Amino acid sequence: PFSVVWTYSKEGSLKNFEEVPLYVMVVGGFGLLAGVVMWGYKVIETVGTKITKLTFSKGFAAQLGAGISILTATVLGLPISTTSVIVGSVMGVGVVENIKAVNFKVFGRILIGWIITLPIAATSAMAMFAFLRAVI
């Protein structure tokens, strides 16, 4: 997304969207790194321990299932969220063990977060684009 914004601000359109300069990719990478450093542990803790208790074999099965799902979606050209896929995989291995082993309250909070993220992201993007268009 950062590279698209950079190209649009430079060119005024995305018709000539080409290779993104290295410094733009580095800035985007640092943004991702900052997010992981500041909040990544919460995601890891929630997926790894709060949805269901993972053992090594369940973790392996969840990762393998997620990998197959992501590769399949990639081949089909489907846009997916890797985080959503791994959450589904972790729930799946928990259900196989025992449906009571899955904490559906935690999953419900995750689901609500996914649902409200779309309109919040859309509204934020609209506001930012309107602001940038007015300024640039």
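**View A. Gly67 sits in helix 3 of this predicted model.** Helices here are DSSP runs of H or I with at least four residues, and strands are runs of E with at least two, numbered from the N terminus. Gly67 has a relative accessible area of 27%, so it is partly exposed; buried means under 20%, exposed over 50%, and partly exposed in between, with a 1.4 Å probe and protein chains only. For a sense of scale, the C-alpha atoms of Gly67 and Gly108 are 24 Å apart in space, and the two residues are 41 apart in sequence. Before you move on, please note that residues are numbered from 1 along each chain as its sequence is written, and that side-chain values use heavy atoms, with hydrogens and water left out. As this is a predicted model, local features need pLDDT of at least 70 and side-chain atom pairs count only at pLDDT 80 or more, while totals for chains, interfaces and linings use all residues.

**View B. Lys58 and Glu97 form a salt bridge.** The term stands for a side-chain nitrogen of Lys or Arg within 4 Å of a carboxyl oxygen of Asp or Glu, and the count by this rule comes to one. In this pair the closest N and O atoms are 2.4 Å apart. The contact links distant parts of the chain, with Lys58 in helix 3 (residues 56-76) and Glu97 in helix 4 (residues 82-97), 39 residues apart. The two partners make a nice contrast: Lys58 is buried at 13% relative accessibility, whereas Glu97 is exposed at 51%.

**View C. Phe107 and Trp114 bring their rings together edge-to-face.** A search of the whole structure finds one aromatic pair. Its ring centres are 6.3 Å apart and its planes meet at 85°, which is why the pair counts as edge-to-face. Rings of Phe, Tyr and Trp (its six-membered ring) pair if their centres lie within 6.5 Å; planes under 30 degrees apart are stacked, those over 60 edge-to-face, and the rest tilted. Have a look at Trp114 too, which is partly exposed at 30% relative accessibility.

**View D. Lys42, Lys50, Lys105 and Arg109 form a positive surface patch.** Patch residues have over 30% relative accessible area and no salt bridge; like charges are joined within 9 Å, and nonpolar side chains (Val, Leu, Ile, Met, Phe, Trp, Tyr) within 5 Å. Lys and Arg count as positive and Asp and Glu as negative, with His and the chain ends not counted. Each charge is placed at NZ of Lys, CZ of Arg, CG of Asp or CD of Glu. Helix 2 (22-50) and helix 5 (104-135) each supply at least two residues of this positive patch. Lys50 lies in helix 2 and is partly exposed, at 36% relative accessibility.

**View E. A nonpolar patch on the surface includes Trp39.** Its other members are Leu22, Met25, Val26, Phe30, Leu33, Val37 and Met38, and together the patch has about 890 Å² of accessible area, computed by the Shrake-Rupley method with a 1.4 Å probe, where only the protein chains shown count as cover for residues. Trp39 is found in helix 2 and counts as exposed, at 52% relative accessibility. Val24 lies in helix 2 but is buried, with a relative accessible area of 2%.
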